[in-house]
Amino acid sequence: ITNPRGIVDQIVIQTLDPDRLREAQQEVEGIMRARRGLRPGEGSDFSLETADEAISFWDNISRILFTALPGLVAISLVVGGIVIMNIMLVSVMERTREIGVRKALGARRRDILTQVLIESATLSTVGAIFGVAAGLGVAMLISAVSPLPAAVSAKWIALGVSLGLIVGVVSGVYPASQAAKLDPVDALRYE
């Protein structure tokens, strides 16, 4: 219907018995070669594809994605962790005086450490939630505009948010320890 008159770019053939698929494929190939006037030594100027070949193609793509994606995710987590660590280090530097006041009023190292770790974990978890929301939006868009089914499993959502939390805690350890080590007298003098 969509091709110009006299041009056929695809023919779909189905067998009643799936066991006779190879036989039907050979018969179709013979008919097509005869119709196109191809000699026995010449290569075919058309292609035949079975559902098995299409499934195999998608399996290969899936295998490549499942091989490459963990590496890309690892790189993203490391970069995100470095960014969060830098943000928290700047936050600690800007609040040095506040940390000195808290320590002078009796805050323990553990209190300062806990505060900075909670801030870091909160920052990364909120980022992970935004990332999950963006992923869900893309999946809905794909399923709305294409024939491909796109869905996100709850276990992957939980994994994404958990990884965000873990990256935040790990990235916040160094800034938190730096904040907890501050001497109250030096921190109060800091301008």
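User: Which side chains does E23 meet in a salt bridge, and how should I read such a pair?

Analyst: The general idea is that side chains of opposite charge can pair when their charged atoms come close. In this predicted model, the side chain of E23 meets that of R20 in a salt bridge, with 2.8 Å from N to O.

User: Are E23 and R20 buried or exposed, or in between?

Analyst: E23 has a relative accessibility of 41% and counts as partly exposed, and R20, with a relative accessible area of 45%, is partly exposed as well. Both values fall in that class because it covers what lies between the buried limit of 20% and the exposed limit of 50%.

User: How many salt bridges does the structure hold?

Analyst: The structure holds five salt bridges, including one between D111 and R108, where the closest N and O atoms are 3.4 Å apart. D111 is partly exposed, with a relative accessible area of 27%, and R108 is also partly exposed, at 47%. Salt bridges can also share partners, and in this way R95, E98 and E119 are joined into one network. Within that network, the side chains of E98 and R95 meet at 3.6 Å, N to O, and E98 counts as partly exposed at 36% relative accessibility.

User: Let me turn to the nonpolar residues: which of them make up the largest nonpolar core?

Analyst: As a general idea, in soluble globular proteins nonpolar side chains tend to be buried together. Here the largest nonpolar core has eleven residues in all, namely I84, M88, V92, I99, A107, I112, V116, V167, A176, A179 and A180.

User: Which helices each supply at least two residues of this core?

Analyst: Three helices do so: α2, which spans 51-94, α4, which spans 109-145, and α5, which spans 154-181. The largest share of the core, four residues, comes from α5.

User: What does M88 touch, if residues up to four places away in sequence are not counted?

Analyst: With those sequence neighbours left out, M88 touches V116, E119, S120 and P175. Two of these names have already come up, since V116 is itself a member of the largest nonpolar core, while E119 belongs to the salt-bridge network with R95 and E98.

User: Where does L141 lie, and is L141 buried or exposed?

Analyst: L141 lies in helix α4 and counts as exposed, at 52% relative accessibility. A separation along the chain can be set beside a separation in space: L141 and V169 are 28 residues apart along the chain, and their C-alpha atoms are separated by 33 Å.

How values were computed
Residues are numbered from 1 along each chain as its sequence is written. This is a predicted model: local features need pLDDT of at least 70, side-chain atom pairs count only at pLDDT 80 or more; totals for chains, interfaces and linings use all residues. Side-chain values use heavy atoms; hydrogens and water are left out. A salt bridge is a side-chain nitrogen of Lys or Arg within 4 Å of a carboxyl oxygen of Asp or Glu. Buried means under 20% relative accessible area, exposed over 50%, partly exposed in between (1.4 Å probe, protein chains only). A nonpolar core is a set of buried Ala, Val, Leu, Ile, Met, Phe, Trp, Tyr and Cys residues joined through side-chain atoms within 4.5 Å. Contact means heavy atoms within 4.5 Å.
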